[in-house]
Amino acid sequence: MGKRLGKKALLGEIAIERETLDGILAALKPCQMTAAGVTAAGWSVKDILGHLVGWQALNLDWHERECRGEVPEVPARGFGWKDVRQLNQQIFRKHHRRPLQAVLSDYRSFHQQMLELVERVPEKQLTAIGHFSWTGK
């Protein structure tokens with residue numbers, strides 16, 4: 001298992017990786033972003049971004065529910081970790097037919113929400129194994 005990052009280092013790594021991804025996306029034309037076949041499953045770049053948005057939404061929901069004193073259903077309602085392939089397909093179906101600009105807007109928005117969450121959560125909670133009920137031990 002790798003070394004755990006502190007909040008500052010984590011945010012730095014996120015910024016580096018996001019800048020790299022954004023650079024790649026900036027070089028693509030819309031037709032390249034929506035063309036199927038980027039993955040073995042036939043997903044497009046837009047589908048991959050929709051997948052990222054879907055998982056970010058789940059993470060934000062888990063945290064929000066825990067803050068309200070609820071026990072989040074992870075990974076999602078009606079799905080266990082053994083069902084991740086089916087959940088990924090559901091996320092794919094949800095975003096696949098959405099317009100590229102809508103997915104790109106969510107890609108920016110959900111990333112910002114995730115950054116704000118990392119900023120908001122105290123470092124001790126962010127790095128403590130098992131602090132949140134939904135992270136397990």
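Let me start with Arg18. Leaving aside its neighbours within four places in sequence, Arg18 is in contact with Tyr107, Arg108 and His111. Please keep in mind that this is a predicted model.

Where is Arg18? It is found in helix H1. Is Arg18 buried or exposed? It is buried, because its relative accessible area is 11% and the cut-off for buried is under 20%.

One of those contacts deserves a second look. The charged end of Arg18 sits over the ring of Tyr107, and the distance to the ring centre is 3.6 Å.

Arg18 also has a partner in its own helix. Its side chain meets that of Asp22 in a salt bridge, 3.2 Å from N to O. The two residues are 4 apart in helix H1, so about one helical turn separates them. Asp22 counts as partly exposed, with a relative accessibility of 32%, whereas Arg18 is buried.

Staying in helix H1, which covers residues 7–26, we also find Leu21. Leu21 is partly exposed at 30%. Together with Ile24 and Leu52, Leu21 forms a nonpolar patch on the surface, and the accessible area of the three adds up to about 220 Å².

Now the aromatic rings. How many aromatic pairs does the structure hold? There are 4. Trp55 and Trp81 make a stacked pair, with 6.3 Å from centre to centre and 15° between the planes. Trp55 lies in helix H3, residues 45–67, and Trp81 lies in the loop between H3 and helix H4, so this pair ties together parts that are 26 residues apart in sequence.

Trp81 pairs with Trp62 as well. That pair is edge-to-face, at 6.2 Å centre to centre with 70° between the planes. Trp62 is in helix H3, so here the parts tied together are 19 residues apart in sequence. Ring pairs thus link Trp55, Trp62 and Trp81 into a cluster. Trp55 is buried at 17% relative accessible area, and Trp62 is buried at 5%.

Last, the salt bridges. A search of the whole structure finds 7 of them. In helix H3, Arg65 and Asp61 lie 4 residues apart, about one turn of the helix, and their side chains meet at 2.8 Å, N to O. Arg65 is partly exposed at 30%, and Asp61 is partly exposed at 27%.

Glu70 and Arg68 form another salt bridge, at 3.0 Å. Glu70 is partly exposed at 32%, and Arg68 is partly exposed at 46%.

Which residues are linked in a network of salt bridges? They are Asp61, Glu64, Arg65, Arg68 and Glu70.

Terms used:
Residues are numbered from 1 along each chain as its sequence is written. This is a predicted model: local features need pLDDT of at least 70, side-chain atom pairs count only at pLDDT 80 or more; totals for chains, interfaces and linings use all residues. Side-chain values use heavy atoms; hydrogens and water are left out. Patches are made of residues with over 30% relative accessible area and no salt bridge: like charges are joined within 9 Å, nonpolar side chains (Val, Leu, Ile, Met, Phe, Trp, Tyr) within 5 Å. Accessible areas come from the Shrake-Rupley method with a 1.4 Å probe; for residues, only the protein chains shown count as cover. A salt bridge is a side-chain nitrogen of Lys or Arg within 4 Å of a carboxyl oxygen of Asp or Glu. Buried means under 20% relative accessible area, exposed over 50%, partly exposed in between (1.4 Å probe, protein chains only). Contact means heavy atoms within 4.5 Å. Rings of Phe, Tyr and Trp (its six-membered ring) pair if their centres lie within 6.5 Å; planes under 30 degrees apart count as stacked, over 60 as edge-to-face and the rest as tilted. A charge sits over a ring if NZ of Lys or CZ of Arg is within 6 Å of the ring centre and within 35 degrees of the ring normal.
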